[in-house]
Amino acid sequence: MPTSPTLAADQPPTAAPDAARGRRADLIVLVVAVALAVWVTSGLWRDPNQRAITVNSSDQALFEWLLAFGGHAVTHGENPLFTHLLNVPDGVNLAVNTSITVYAVVFAPLTYLIGPPATFLVILTLNLAATALAWYWLFSRHLVASRLAAGVGALFIAFSPGMVAHANAHLNWTAGWLVPLLVAGVFALRRPGRWLRGGLVLGVLVAVAFSIAAEGLFFTALAVAVFLAVWALHPARRTQARAALPDFLRGLAVTALVAGVLLAYPLWLHFAGPQRFHGTGFDPVIHAEDIAAFGAYPSRSLAGALGWDTTLAPNPTEENSFFGLPLLLLTVACFGWLWRRASPGRRATLTALGVTAVVFAVLSWGPLAKWNGRRTGQLLPFGVLDNLPVVNAALPSRLALVVAPVIGVLLAYTVDRLRATPPGRTATWAWRVGFVAALLPLLPTPLLTSVRPPVPEFVTAGTWREYVSPGGVLTPIPLTLDVTPDGQRWQAYALSHRQGEFRLPAGFFLGPGGPDGRGRIGPSPRTFDTLMDQAGRTGLVPIVTEGSIRLSRADLRYWGVEAVVLPDEVHGAKYDLDEDALRRTATALLGEPRRVDDVWLWTVPDA
């Protein structure tokens with residue numbers, strides 16, 4: 001979300017807090033941010049290796065795998081952006097997936113020390129706390145005089161409904177600490193004589209942000225562009241913007257050069273490399289924000305715990321607005337109150353903030369308007385943009401995430417102004433009641449977690465190496481997909497515990513093969529995995545014929561599978577699976593299994 005380190009200059013602080021009070025305030029915000037981050041993730045801290053986020057255990061397994069693979073790739077001289085460990089024989093282009101390469105490299109020592117699940121939890125918790133602290137730094141050092149105002153705005157943004165929803169296993173979207181740093185870096189370019197240094201720093205930061213959260217970087221760039229366009233065209237800011245333009249453009253050129261050099265290979269992979277695709281397989285109509293969701297309450301909040309939540313989101317990780325009607329009313333009141341008291345320069349800032357929020361709110365509604373779960377048929381602006389490159393790979397509902405920082409800025413400005421010029425006892429109490437009524441229901445509650453099956457002893461003891469050659473192919477049944485992520489958890493364990501490599505014929509990834517040339521989750525289905533999926537879902541053994549036996553064994557040979565493995569308990573990320581039906585189906589196709597450690601094992605016949 002765009003704001004400027006110098007935008008508060010048109011209304012300078014009336015009094016700076018003394019250093020001791022400032023340090024105490026900083027410490028309080030730090031403690032509160034860490035406490036809230038631990039509170040939200042507390043269910044996982046009970047046992048990081050055995051517990052998973054209930055509503056999104058598949059993404060958790062994916063990010064754990066990315067951490068393990070990224071560290072393994074760097075320490076073994078392998079390509080961290082393309083792998084043949086999944087989707088045998090074609091491999092997976094991680095540049096078009098969420099690769100979090102920087103996190104994988106930086107936290108590789110921790111991953112090897114405590115394992116991918118615990119490292120995942122550490123990063124998730126740090127993301128939430130660091131987001132609050134980064135916004136607090138931007139507010140308190142550049143935008144407002146009151147540390148209380150900075151804390152209110154920063155803590156709201158970091159633990160806003162969208163951020164808490166994405167804390168359901170999204171290490172990319174919870175890396176919100178990148179946004180205030182990017183915003184500060186952009187506006188630093190306008191400082192006289194700082195364009196070269198600023199461009200170098202911002203170029204590196206852009207490369208880091210692309211590695212961790214490319215979609216978030218794209219949204220931030222769009223938001224900054226909208227904000228700057230409105231702000232610079234405002235009559236009160238045109239002269240200042242025109243004077244700063246030469247240095248600003250020079251800085252952007254340096255940024256583009258530095259980021260382009262650092263990202264040349266990832267960008268080539270993304271747009272022209274093997275296993276690339278255009279767009280995604282996600283329907284933008286389904287993954288769009290319901291207009292009524294802006295006034296609704298999120299599930300993981302105090303209001304949600306009281307039963308005031310709704311089912312307006314496409315899934316629990318995408319409650320990207322859900323601010324509640326009281327906060328919307330408070331935001332409008334803050335905007336109006338600030339506007340009446342603002343100088344022309346501050347009105348330029350408020351105008352740019354308001355336009356940015358409206359633009360991204362409307363775009364988040366997707367190509368067709370929805371109200372309270374019903375499609376109205378009204379065409380919306382996103383429908384025009386949906387076919388544009390890059391835009392067609394974004395989920396429109398996530399554009400609503402830009403609105404939360406706008407609200408946070410308005411809250412911070414309002415508290416700052418109220419503390420500088422108290423409006424009177426009655427009005428002061430009215431503001432206090434308004435803030436409590438708007439923010440208290442949004443107080444986050446812990447993420448839902450549940451126990452997931454442990455990695456089998458067959459893997460943890462390294463027994464798999466007796467049945468799979470180095471770099472050979474092993475598959476669990478059902479095959480590894482987003483709904484059955486066990487295989488990638490096993491592979492992550494083997495990689496992070498230096499057991500060596502086994503490959504998987506499938507995996508949870510985005511790759512080609514979707515409708516109209518778009519992407520799809522996992523590989524295109526074949527006979528063997530279709531039969532296994534049917535058995536696991538329905539609990540019924542499908543009809544097995546000589547033809548299906550022949551085709552299934554041909555599939556296994558195509559993948560080069562050496563061992564087929566069924567644990568006693570299979571983790572279904574979205575639904576329960578029937579292990580007995582899976583075992584009987586595999587037996588009908590491959591013959592009787594052998595019992596090895598705590599799994600059933602089939603070796604693949606030669607013919």
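A salt bridge is counted here where a side-chain nitrogen of Lys or Arg lies within 4 Å of a carboxyl oxygen of Asp or Glu. Asp 247 and Arg 250 meet this rule, with their closest N and O atoms 2.8 Å apart. The model examined is predicted. In it, the rule yields a count of 12 salt bridges.

The Asp 247–Arg 250 pair is local. Both residues belong to helix α11 (residues 238–262). Three residues separate them, about one turn of the helix. Their surroundings were classed by relative accessible area, with buried meaning under 20% and exposed over 50%. Asp 247 has 17% relative accessibility, so this residue counts as buried. Arg 250, at 41%, is partly exposed.

Another bridge joins Asp 555 to Arg 526, where the closest N and O atoms are 3.0 Å apart. This pair links distant parts of the chain, 29 residues apart. Asp 555 sits in helix α22 (residues 546–559). Arg 526 lies in the loop between β9 (519–521) and α21 (527–538). At 6% relative accessibility, Asp 555 is buried. Arg 526 is partly exposed, at 30%.

Asp 26 and Arg 147 form a further salt bridge through their side chains, at 2.7 Å from N to O. Again the pair connects distant parts of the chain: Asp 26 in helix α1 and Arg 147 in helix α7, 121 residues apart. Shared partners also matter to the description. Asp 26, Arg 141 and Arg 147 are joined into one network by salt bridges that share partners.

Helices α1 and α7 appear again in the second largest pocket. This pocket holds about 760 Å³ of space. Its lining comprises 28 residues, and the closest to the pocket centre are Leu 148, Gly 151, Val 152, Phe 435 and Leu 439. At least two lining residues come from each of α1 (19–40), α7 (147–158), α17 (403–420) and α18 (425–439). By class, the lining has 22 nonpolar residues, three polar and three charged.

Pro 161 was examined next. This residue lies in helix α8 (residues 161–166). Its relative accessible area is 5%, and it is therefore buried. The C-alpha atoms of Pro 161 and Tyr 297 are separated by 8.2 Å, although the two residues are 136 residues apart along the chain. Leaving aside residues up to four places away in sequence, Pro 161 touches Pro 298, Glu 319, Ser 321, Phe 322, Phe 323 and Leu 442.

Terms used
Residues numbered from 1 in each chain as written. Predicted model: local features only at pLDDT ≥ 70, side-chain atom pairs only at ≥ 80, totals over all residues. Heavy atoms only, no water. 1 Å grid on protein atoms, 1.4 Å probe; cavity = no way out; pocket = protein on both sides within 12 Å on 5 of 7 lines; lining within 4 Å. Points joined across faces, edges and corners; volume = space filled by probe spheres on them. Helix = DSSP H or I, 4+ residues; strand = E, 2+ residues; numbered from the N terminus. Nonpolar A, V, L, I, M, F, W, Y, C, P; charged D, E, K, R; others polar. Buried < 20%, exposed > 50% of the residue type's maximum accessible area, 1.4 Å probe, protein only. Contact = heavy atoms within 4.5 Å.
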